[in-house]
Amino acid sequence: MSTKGGYVEILTFTHFARVFKFSGQSNFGRKKEISHEIKVSVVMELV
């Protein structure tokens with residue numbers, strides 16, 4: 001049995017909802033954007 005840990009991705013899906021995201025690409029701070037989806041990943045840590 002290996003003693004090296006890692007992650008196993010079990011499930012990936014997109015949840016559709018209206019959310020605000022902040023991107024740091026502006027020179028004067030953060031730019032607020034409206035997004036309509038959230039990427040979700042369900043993972044398990046192997047120890």
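## Exercises on a two-stranded model

Leaving aside neighbours within four places in sequence, serine 23 touches Gly29, Arg30, Lys31 and Glu33, where contact means heavy atoms within 4.5 Å. The model is predicted, so local features need pLDDT of at least 70, side-chain atom pairs count only at pLDDT 80 or more, and totals for chains, interfaces and linings use all residues. Residues are numbered from 1 along each chain as its sequence is written, and side-chain values use heavy atoms, with hydrogens and water left out.

**Exercise 1.** Place serine 23 in its element and decide whether serine 23 is buried or exposed.

*Solution.* Start with the element: serine 23 belongs to strand E1. Strands (E, at least two residues) and helices (H or I, at least four) are DSSP runs, numbered from the N terminus. Next, take the cut-offs: buried means under 20% relative accessible area, exposed over 50%, and partly exposed in between (1.4 Å probe, protein chains only). Serine 23 has 16% relative accessibility, so it counts as buried. For the whole protein, buried residues make up 4% of the 47 residues.

**Exercise 2.** Find the salt bridge and classify both of its partners.

*Solution.* First, the rule: a side-chain nitrogen of Lys or Arg must lie within 4 Å of a carboxyl oxygen of Asp or Glu. Applying it gives one salt bridge. That bridge joins the side chains of lysine 39 and glutamate 37, at 3.7 Å from N to O. Now the partners: lysine 39 is exposed because its relative accessible area is 62%, while glutamate 37 is partly exposed because its value is 36%.

**Exercise 3.** Work out which elements supply the nonpolar surface patch, and how methionine 44 is classed.

*Solution.* Patches use residues with over 30% relative accessible area and no salt bridge; like charges are joined within 9 Å, and nonpolar side chains (Val, Leu, Ile, Met, Phe, Trp, Tyr) within 5 Å. Here Val8, Ile10, Leu11, Phe13, Val42, Met44 and Leu46 make a nonpolar patch of about 580 Å². Strand E1 (6-26) and strand E2 (29-46) are the elements giving two or more residues. E1 provides the largest share, four residues. Methionine 44 sits in strand E2, and its 43% relative accessibility is why it counts as partly exposed.

**Exercise 4.** Identify the ring that lies under the charged end of lysine 32.

*Solution.* The test asks for NZ of Lys or CZ of Arg within 6 Å of the ring centre and within 35 degrees of the ring normal. The ring is that of phenylalanine 20, with the charged end of lysine 32 at 4.6 Å from its centre.

Note on methods:
Accessible areas come from the Shrake-Rupley method with a 1.4 Å probe; for residues, only the protein chains shown count as cover.
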